[in-house]
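This report describes the packing, aromatic pairing and charge pairing of one protein chain. The sequence and the model are shown first.

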Amino acid sequence: MEFRNPEEFIDYYEKIRQRTLRVIACIPRENFDWRPAEGKFSFADLIRHIATIERYMYAENVQLRPSRYPGHGPELADGPEQVIEFFHRTHAESMAVFRSLTAADLEKKCVTPGGTPITVWKWLRAMVEHEIHHRAQIYTYLGILGIPTPPIYGLTSEQVRERSEKLA
């Protein structure tokens, strides 16, 4: 998918974020610090990581500035309500940056933290892929804990199969 129009990107990305928020809403507050193993992200770590990568890496890089990624630790926001507030606040800051981009800005080259030049619209596409990757981790963690999650597109795989069999 190419993003040549900033408004199209904003619309697409906000839909991605709504799906992420739906699964985050399923995390029991008492499980925010749960992690599947020592040294792995907790739910809170994942939420802070999505927030800080979006705001302090991608939003900085698309302005042709270096990454300022501060990590994903509890010093940024601790406790479920603070983590969620941090997630919303950093997203609002990032969206202000993304909304300021022009079509010409999307064609510029920014530099990744690894030193690789990349077209801004491609870097934004990578940001979306990054969020989806970590959203999948949240789904997996919830599955491990036996916590129900919403289907991403409105139907479960079982419902899709059932409807497909009826049409066959």
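Is Glu131 buried or exposed? In this predicted model, Glu131 is buried, with a relative accessible area of 1%. Its side chain meets that of Arg17 in a salt bridge, with 2.7 Å from N to O. Glu131 belongs to helix H5 and Arg17 to helix H1, so the pair ties together parts that are 114 residues apart in sequence. Arg17 is likewise buried, at a relative accessible area of 2%.

## Helix H1 and its surroundings

Helix H1 covers residues 6-24. At 1.5 Å a residue, its 19 residues should span 27 Å, and the end C-alpha atoms are 26 Å apart, which agrees. At the start of the helix, a side-chain oxygen of Asn5 comes to within 2.7 Å of the backbone nitrogen of Glu7.

The buried residues of H1 are Pro6, Phe9, Ile10, Tyr13, Ile16, Arg17, Arg19, Thr20, Val23 and Ile24. The partners against which these buried residues pack are helix H2 (43-61), helix H3 (80-99), helix H4 (103-106) and helix H5 (120-144).

## Nonpolar cores

The largest nonpolar core contains 23 residues, and those with the most contacts inside it are Phe9, Tyr13, Val62, Phe98 and Leu124. At least two residues of this core come from each of H1, H2, H3 and H5. H5 provides the largest share, six residues.

Phe98 illustrates how this region is assembled. Not counting residues up to four places away in sequence, Phe98 touches Phe9, Ile10, Tyr13, Glu54, Tyr58, Ala59, Val62, Leu124 and Met127. A second, separate core has 21 residues, among them Ala77, Ile84, Phe87 and Tyr141.

Ala126 is located in helix H5. With a relative accessible area of 22%, Ala126 is partly exposed, because buried means under 20%. The C-alpha atoms of Ala126 and Tyr58 are 9.1 Å apart in space, although the two residues are 68 apart in sequence.

## Aromatic pairs

Seven aromatic pairs occur in the structure. In one of them, the ring centres of Tyr13 and Phe98 are 6.4 Å apart and the planes stand at 75°, so the pair is edge-to-face. Tyr13 is in helix H1 and Phe98 in helix H3, so this pair ties together parts that are 85 residues apart in sequence. Both Tyr13 and Phe98 are buried. Together with Phe9, these two residues form one aromatic cluster.

Trp34 and Tyr141 make another edge-to-face pair, with ring centres 5.5 Å apart and planes at 80°. Trp34 lies in the loop between H1 and H2, whereas Tyr141 is in helix H5, so parts 107 residues apart in sequence are tied together. Trp34 is partly exposed, at a relative accessible area of 22%, while Tyr141 is buried, at 6%.

## Charged residues

Side chains of opposite charge can pair when their charged atoms come close. The structure holds 17 salt bridges, including the three in the table.

| Salt bridge | Closest N to O distance |
|---|---|
| Asp11 and Lys15 | 3.1 Å |
| Glu131 and Arg17 | 2.7 Å |
| Arg89 and Glu93 | 3.1 Å |

Asp11 and Lys15 both lie in helix H1, four residues apart, about one turn of the helix. Asp11 is partly exposed at 43% relative accessibility, and Lys15 is partly exposed at 44%.

Arg89 and Glu93 are four residues apart in helix H3, so about one helical turn separates them. Arg89 counts as partly exposed at 33% relative accessibility, and Glu93 is partly exposed at 28%. Salt bridges that share partners link these two residues with Arg55, Glu60, Arg65, Arg68 and Glu85 in one network.

Asp45, in helix H2, counts as buried at 8% relative accessibility. Leaving aside residues up to four places away in sequence, Asp45 touches Arg35, Lys40 and His72.

## A backbone feature

Most residues other than glycine have a negative phi. Leu64, which is not a glycine, has a positive phi near 65°. Leu64 lies in the loop between H2 and H3 and is partly exposed, with a relative accessible area of 46%.

Technical notes
Residues are numbered from 1 along each chain as its sequence is written. This is a predicted model: local features need pLDDT of at least 70, side-chain atom pairs count only at pLDDT 80 or more; totals for chains, interfaces and linings use all residues. Side-chain values use heavy atoms; hydrogens and water are left out. The expected span of a helix is 1.5 Å times one less than its number of residues. Buried means under 20% relative accessible area, exposed over 50%, partly exposed in between (1.4 Å probe, protein chains only). Contact means heavy atoms within 4.5 Å. A polar contact is a pair of N or O atoms within 3.5 Å; within protein, one must be able to donate a hydrogen and the other to accept it, and residues adjacent in sequence count only if both atoms are side-chain atoms. A nonpolar core is a set of buried Ala, Val, Leu, Ile, Met, Phe, Trp, Tyr and Cys residues joined through side-chain atoms within 4.5 Å. Rings of Phe, Tyr and Trp (its six-membered ring) pair if their centres lie within 6.5 Å; planes under 30 degrees apart count as stacked, over 60 as edge-to-face and the rest as tilted. A salt bridge is a side-chain nitrogen of Lys or Arg within 4 Å of a carboxyl oxygen of Asp or Glu.
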